[in-house]
Amino acid sequence: MAAIGQLAAGVAHELNEPLNTILGFAQLAQKTPDLPLQTKSDLEKIADASLHARNIIRELLIFARQGKPGRTPVNLNQIIMNELKLFETMCAKSGVELKRVVDSELPEILADKSQLRQVISNLIVNALQAMPDGGTLTLQTSFDASSVKFVVEDTGIGMSDEVKENIFLPFYTTKDVDQGTGLGLSVVHGIIASHKGEIFVKSEKDKGTHFTVTFPRQQETVSKEYGI
Ligand SMILES: Nc1ncnc2c1ncn2[C@@H]1O[C@H](COP(=O)(O)OP(=O)(O)OP(=O)(O)O)[C@@H](O)[C@H]1O
Ligand SMILES: [Mg+2]
């Protein structure tokens, strides 16, 4: 079993690079002026499919613990902006309005950049999947004396209390087989816990969902623990 895990992680790692190239060039080509409608929609499908594949690969890597967690100073605003860029076309297509409410004074946190990207990307994908008929996606950052915080909020389908109780369990999903594996939020939870952070959810059926993620601000604690 361990060997299979290693093989899967190895393959996933090798596929990551070409996939990023496919995604990058598809997005670049989408910017070509006066594209025929059919080409535009084909390119959108390529970009969407490679984003989906990229997410699966990242989750596999995290599950196989191949990606050694790094701890470098990270600006959450920057990560949020970069991730949102990848989803702009998808948002426009499904009639989702994007709101960014970021605090420009946000202090950096010590974290693993690519894992934080994964957290934000998983939360955004869930939010978009909850708003198939459009809505508003808000990403917000803020801080206080002890913590740095970000919020991902949607105006989508929301969750029942029963769903809310189970969302962090691995393989728990309410989606069709081709829509979800149920790993997204358990990966999010694991990453946040390894950063000594916390995640809170508020959700109301047919109204929307609000995820808050907090990270400790005191860098000394983190530095001591990871020996940096
Ligand atoms: N923003 C949201 N709005 C409504 N329901 C949500 C939202 N985020 C998560 N959920 C619920 O939590 C479940 C688990 O989410 P999770 O991200 O772990 O898995 P998934 O999205 O079903 O599949 P995967 O992320 O692996 O593709 C979802 O199936 C859905 O029922
Ligand atoms: Mg998900």
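In this predicted model, Asp206 has a positive phi near 65 degrees and belongs to the hairpin of E6 and E7, where three residues lie between the strands. Strand E6 covers residues 198-204 and pairs with E7 in the antiparallel sense, over seven bridges. One position in this pairing can be named: Glu198 stands opposite Thr214 in E7.

A second hairpin connects E4 to E5, again by way of three residues. Strand E5 spans residues 147-154, and seven bridges join E4 to E5 in an antiparallel arrangement. E4 also pairs with strand E2: residues 96-101 of E2 and residues 135-143 of E4 run in the parallel sense over six bridges. E4 therefore has E2 as a parallel partner and E5 as an antiparallel one, since strands count as paired if there are at least two bridges between them.

Which residue of E4 is the bridge partner of Leu98? The partner is Leu137. Leu137 also stands opposite Asp154 in E5. Leu137 can thus be used to trace the step from Leu98 to Asp154.

The other topic is ligand 1. The space that ligand 1 takes is the largest pocket. The elements giving two or more residues to the shell around ligand 1 are helix H4 (113-129), helix H6 (184-194) and strand E7 (208-216). Strand E7 is thus part of this shell as well as the partner of E6. H4 gives the most to the shell, with three residues.

How many residues surround ligand 1? There are 22, and the closest are Thr173, Thr174, Lys175, Thr181 and Leu185. Sorted by class, the shell holds nine nonpolar, 11 polar and two charged residues.

Three polar contacts between the protein and oxygen atoms of ligand 1 are listed below.

| Residue | Part of the residue | Distance to an oxygen atom of ligand 1 |
|---|---|---|
| Asn126 | N or O atom in the side chain | 2.8 Å |
| Gly182 | backbone N or O atom | 2.9 Å |
| Leu185 | polar backbone atom | 2.8 Å |

Taken alone, ligand 1 exposes 590 Å², and the protein buries 93% of that area. Leu185 appears twice in this account: among the closest residues to ligand 1, and with a polar backbone atom 2.8 Å from an oxygen atom of ligand 1.

Notes:
Residues are numbered from 1 along each chain as its sequence is written. Chains are lettered from A and ligands numbered from 1 in the order in which they are written. This is a predicted model: local features need pLDDT of at least 70, side-chain atom pairs count only at pLDDT 80 or more; totals for chains, interfaces and linings use all residues. Side-chain values use heavy atoms; hydrogens and water are left out. A residue is near a molecule or strand if one of its heavy atoms lies within 4 Å of it. A polar contact is a pair of N or O atoms within 3.5 Å; within protein, one must be able to donate a hydrogen and the other to accept it, and residues adjacent in sequence count only if both atoms are side-chain atoms. Accessible areas come from the Shrake-Rupley method with a 1.4 Å probe; for residues, only the protein chains shown count as cover. On a 1 Å grid over the protein atoms alone, a cavity is a set of points where a 1.4 Å probe fits but cannot get out, and a pocket is an open set with protein on both sides within 12 Å along at least five of seven lines; lining residues have an atom within 4 Å of a point. A molecule sits in a cavity or pocket if more than half of its atoms lie within 2 Å of its grid points. Helices (H or I, at least four residues) and strands (E, at least two) are DSSP runs, numbered from the N terminus. Ala, Val, Leu, Ile, Met, Phe, Trp, Tyr, Cys and Pro count as nonpolar, Asp, Glu, Lys and Arg as charged, and the others, Gly among them, as polar.
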